[in-house]
Amino acid sequence: MTNNLDSVCEKKSTRFLQIPLKSTEQIYLIFLIPTLISCFVYIIHFSADLVVAIQHFKENNLVWGCCTICFMYAPAIAYFMLTVSRPDWWMSNDDKLTKGMFCWFCLQLCQLIGFVFFSLYRYAGLIVLSIEAIILSGKERTETLNIAAAPAAIELYFFLQAWFQAVPQALFQTHLLFRESSFHQTHQSAVVKVLSITISIVILAIQTTSFQRFESQRINGRKLPWAMWLKKYCIQELCDFEEGTPLKLSDKKENNPIDNSLEQPESVKVQHKDKEQCDSHISLDRQVSVTPPLPPKNVYITPPPTPLRGITTVTPLPIPDVPAPPRPDSICIVPKNAESEQLFTKVVSIAERKNNTIQDLKVPQRRYSAKGLEEDDPVGKFLSFLWWFFFILARILTIAIFYEFYPLYLSIVLGIHYGIMLIYLFYYTQYYDIITFFLNLWLGLVYIVSLIEYRIKFKYADKWVLPYYIFVLMQNTFLTLSWYFYADWDGFWYSYIFLVILGSMTLCVLSTIIYCALLKPKKRRIYTS
């Protein structure tokens, strides 16, 4: 495995249950298998939503069928608006030279209409590149992996799909599934709705797993999947994150002036002795002040003794034995080519050389660092996916069913939850502008269902995630027990869903404990300056 290949593979997880992976095994677990699973889930998700919409139209529910199709097109519309509004961010240099603005706009419009084919084309390209990387070796494998790992604009659509399609689709279809008394629905319609709800939660869990600690992993070198297309963040990431290196012990043997002086020949040493003698007679340049390094941490520094009150001693300055310097008007003019003038020019040249050598020395500076997080290994990602799947499943079912009995109380609870999330987001926001304002409003809605670390880095991640985790689980428990014991419900689905909610929260807690105890990624300290 070449050095370039090592640099490509080190950006991803290199271990499987603490066992080092070979390059081929890493390609299978990091590139090929996740791409196949994502493609399979996307096909089932689109097919299930399409069948649900057709089933609504067959049952003469035109409004529900139109709402289902609108949810399917919502992420594509959001992606189209984001890209077309700022073409200077999203157009590559090849697009500017070959296609132009009009052709690029027509391509984006075609992508809006046939978003399914562009998504499948992305998955097909990643599958082909992963298989080629397995077959090839050396430099060719490195180039293939670079192409496969390169960001693409379509990845923004996959990110928006979780929040603009999966969440509203799951809530809407769950709400319709429990309205048996208002209309008649067939067994086939119920099965398709359950499939659509389940796949929507799977997609939401996949994206939440990918972005649960994104900003912390971004410090360690991870980039946005669409960062190379978004020119505003492309330059920032290339400058900031590629220069960040982990803390390493400095090699003391390099640039050591003592060792270099021992290796110099004797003739050079004699010249240095002459320079020192001349410098002892006349010093014509200002000394360069070097700031001493700060003392290490946890070192006790003895303070100077405090003088006694009322007793002050001033050490008198000694009178110099050297006569006073002459006045400016009494300085004698030295004739040209005299010995003193030659000695003066020689001393000036020696002082300039010494000044240059002093300026070449590196002044010690304080280097700041930040804690970054490594990416999860394949087993850790799978367990984290299970954690968020059961978490989101219990959350979606709790919200949808409690709305059937107490919509007003649900609005109050979710409003309080949304307000707390907004307070946290705006408190830790670094830059305040109109884009950040609307982005925080959207993130507050995301935090009702799940939690992602995007655009705002959690200052105290463990102390923030755990209260959020307990807060949401307590909401689910109280809301579920309220409608189960006090609401007037009748039917098999309600008793079944009550058990599903409790079982999902139990499995969520168990998977979280195992993940945090055994498979949580390690932190790395990265130089930021």
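The exercises below work through salt bridges, a nonpolar core and one buried proline in a predicted model.

Residues are numbered from 1 along each chain as its sequence is written, and side-chain values use heavy atoms, with hydrogens and water left out. In this predicted model, local features need pLDDT of at least 70 and side-chain atom pairs count only at pLDDT 80 or more, while totals for chains, interfaces and linings use all residues.

**Exercise 1.** State how many salt bridges the structure holds, and place the one between Glu155 and Arg122.

Step 1. A salt bridge is a side-chain nitrogen of Lys or Arg within 4 Å of a carboxyl oxygen of Asp or Glu. The structure holds 3 of them.

Step 2. Glu155 and Arg122 pair through their side chains, with 3.1 Å from N to O.

Step 3. Glu155 belongs to helix H8 (residues 154–177) and Arg122 to helix H6 (residues 115–135), so the bridge ties together parts 33 residues apart in sequence. Helices here are DSSP runs (H or I, at least four residues), numbered from the N terminus.

Step 4. Arg122 has 16% relative accessibility and counts as buried. Buried means under 20% relative accessible area (1.4 Å probe, protein chains only).

**Exercise 2.** Find where Glu453 and Arg213 lie, and say whether they are buried or exposed.

Step 1. The side chains of Glu453 and Arg213 form a salt bridge at 3.1 Å, N to O.

Step 2. Glu453 sits in the loop between helix H17 (434–449) and helix H18 (461–486), and Arg213 in the loop between helix H9 (187–211) and helix H10 (214–219). The two are 240 residues apart.

Step 3. Both Glu453 and Arg213 are buried.

**Exercise 3.** Describe the largest nonpolar core and explain where it lies relative to domain 1 and domain 2.

Step 1. A nonpolar core is a set of buried Ala, Val, Leu, Ile, Met, Phe, Trp, Tyr and Cys residues joined through side-chain atoms within 4.5 Å. The largest has 94 residues, and Tyr447 is among those touching the most other members.

Step 2. Helix H15 (residues 378–405) gives the most to this core, 15 residues.

Step 3. Domain 1 (15–207) and domain 2 (213–220 + 376–528) both contribute residues, so the core lies between them. The domain bounds come from an automatic or database domain assignment.

**Exercise 4.** Locate Pro378 and list its contacts beyond four places in sequence.

Step 1. Pro378 lies in helix H15 and is buried, at 17% relative accessible area.

Step 2. Its contacts (heavy atoms within 4.5 Å) beyond four places in sequence are Ser13, Arg15, Phe16, Leu29 and Ile30.

Terms used. Buried means under 20% relative accessible area, exposed over 50%, partly exposed in between (1.4 Å probe, protein chains only).
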